[in-house]
Amino acid sequence: MSAWKRMRFRKKLIVSYLTVFLIAVLLIVFYTASVSRQTIYDNNVGTVRGMAEKAAGNFDRKIEQYNQILMQSVYNKGLQSVYKNDFTSVYQLYRKLMDVYQPYFSALVANSADEIDSVCMYSNRDLHKNLFLNSIDAIRGETWFDDAFTRRGILWHVEDEELFATMRVDATDSLPRNEALGVLYLALDSGVLFNRYVSINWPSYRLALTDEDGAQLLTYASDASGEGDFVDFPVKSAALGWTLVFSVPRSTLAAGEHVAFPANLPIIAVASGLLLALITLFTHSLMHGLAQLGRGIAQVNEGNLDVRVESDAEDEIGMLIRTFNRMLDTIRSLLDKTRENERRLSSLEAQALRAQIDPHFLYNTLSFINWKCMRAGQDDVSDVIGQLSTFYRTCLNKGRNLTHVRTEIANITAYINIQLRMHDDRFAVRYEIPEELLECRMLSFVLQPLVENAILHGLDKRREGGGELDIRLRREGDRLVFSVLDNGPGLSEEMERQLNEPGGQGSGYGVRNVRDRIVLSYGNEYGVRAENRPEGGCAAILMLPVLTNENNCDES
């Protein structure tokens, strides 16, 4: 991270572009390989499915061929005569067997290309046994015998991995139709059959023959069947109603993407070259404006504030350059104003020294008038003048912004005493100020505007006497909460809204000034609010932070 921080911006930009470029190339490579793999997989799936359907068609044609052989063998007139055994002598039967029966089935087996494993007629009559003829007693114990002997038509069976068909032989002449002469049995070599007619041109696969319930009847595997995950391609056999399931290793279906991927390498190479050219162009374009700005900043660091950086770009860099120029204009303007203020400072300091003389002159004058009134016996006038002197002394507070709670209460007390003289003591005043809070610091001259509002808009508007004014102070956590309560007529909705709105037109200059001073000094969580009291009258609540001598607060 430290090396990155020390790196020049141009290098950072190039590294960022190259990182994005490499990520894009990797994503393209990954996407191309993924698409190639999926495309080849889908193509191979379609190929295997087509081969499986074709193989199933070959299987059905072979089954139909054997069905025809069985039908022809059962209803052949020459063979029927053998089945019925209507001969008058054993010699005639023997000659029929040797001239018709034996040659027929021998030719059938010879022409089957090894797929017919065996063929035999199991007779219900006492016939001469030979290679293709046997007694029905030889198969009575087989599990399939009852179906083969009692049901008409061709029945296909699988037992011990052997596929065979049976068909009951019935007499075709005047004999009763329900007389069974025997059962014709035809067994196939499933290995030869599957390998020769039901195979698919795929490196590795397995083949299974399942019945209607999905039970596996026969299985066959190619020379390299493979291991692992297989994908099944089931095809229904129309001839038998069974299902041929071709299973191919999934790995062989996804093979071949290494052949397709190199075809996309030229596209990746062209895209990479184009992207590198764009990175070079963009880096130069972006760095041109930043380089100009950097040279301008270097000149400012050397003290040249008259430098200007020109740019007609409308992007963020152009906006930054124009902002830099405006900042230099502002700095030059502020420096000019600073120099002008320094020239005026000496005259303002002289005026401030003269202004400090005025409050002392006011205190001295009020003290002289108070002494004269005491000499003349005008005690009431002397008391008012003393209160006025206290009020102005605590109000001015030697020009300081902070004062003690004790001093602020003394200021309010002097102001209220003057108001009591002016109102002929027509209202009562109560103070609830905890002794432990008197040494806390607070903004000076913030209670007088609230007390003045309570007298002018509350007590003076009572229709009858008995006015009451309460000045209270309490501490709530880290806050000082002053309450100025009166029992006047209260506030109208409009006046309450105006008093509680910052800068409201009806709030008066004094209250606005107090609110603004508090908010500017301590934030919006402190300030002044006014509300009507449930028992009548108005309550003005002033909230300040608790400041003690340990806070090291600035009193200036």
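**Exercise 1. Work out how Arg-533 and Glu-535 are placed and how their side chains meet.**

At 18% relative accessibility, Arg-533 counts as buried, where buried means under 20% relative accessible area, exposed over 50%, and partly exposed in between, with a 1.4 Å probe and protein chains only. Glu-535, by contrast, has a relative accessible area of 57% and is therefore exposed. The two side chains meet in a salt bridge, at 2.7 Å from N to O; a salt bridge here is a side-chain nitrogen of Lys or Arg within 4 Å of a carboxyl oxygen of Asp or Glu. As background, side chains of opposite charge can pair when their charged atoms come close.

Before going on, note that this is a predicted model, in which local features need pLDDT of at least 70 and side-chain atom pairs count only at pLDDT 80 or more, while totals for chains, interfaces and linings use all residues. Residues are numbered from 1 along each chain as its sequence is written, and side-chain values use heavy atoms, with hydrogens and water left out.

**Exercise 2. Describe the chain as a whole.**

Begin with the secondary structure: the chain has 15 helices and 16 strands, taken as DSSP runs numbered from the N terminus, with helices being H or I of at least four residues and strands being E of at least two. Next, consider burial: of the 556 residues in the chain, 38% are buried. Then turn to contacts, meaning heavy atoms within 4.5 Å: among those between residues at least 6 apart in sequence, 63% join residues at least 24 apart.

**Exercise 3. Trace the open sheet from edge to edge.**

The sheet is open and has 5 strands in the order β2-β1-β5-β4-β3, with mixed pairing; two strands pair if DSSP finds at least two bridges between them. At the edges stand β2 (133–135) and β3 (154–159), and since each has a single partner strand, one side of each is left without a neighbour in the sheet. For the pairing at one of these edges, look at β1 (residues 116–123), which runs parallel to β2 and is joined to it by 3 bridges. Tyr-122 has Asn-134, in β2, as its bridge partner.

**Exercise 4. Find which parts of the chain the salt bridge of Asp-170 ties together.**

Asp-170 forms a salt bridge with Arg-152, and their closest N and O atoms are 3.2 Å apart. Because Asp-170 lies in strand β4 (residues 162–170) and Arg-152 in the loop between α5 (145–150) and β3, the pair ties together parts that are 18 residues apart in sequence. Asp-170 itself is buried, at 9% relative accessibility.

**Exercise 5. Follow the salt bridge of Arg-430 across the chain, and compare the burial of its two residues.**

Arg-430 forms a salt bridge with Asp-470, the closest N and O atoms being 3.0 Å apart. This pair links distant parts of the chain, since Arg-430 is in strand β11 (residues 427–432) and Asp-470 in strand β13 (residues 467–476), 40 residues apart. Arg-430 is partly exposed, at 38% relative accessibility, whereas Asp-470 is buried, with a relative accessible area of 5%.

**Exercise 6. Decide how many disulfides the structure holds, and where two of its cysteines lie.**

The structure holds 0 disulfides, a disulfide being a pair of cysteine sulfur atoms within 2.5 Å. Cys-120 is buried, with a relative accessible area of 9%, and Cys-538 is buried too, with a value of 11%.
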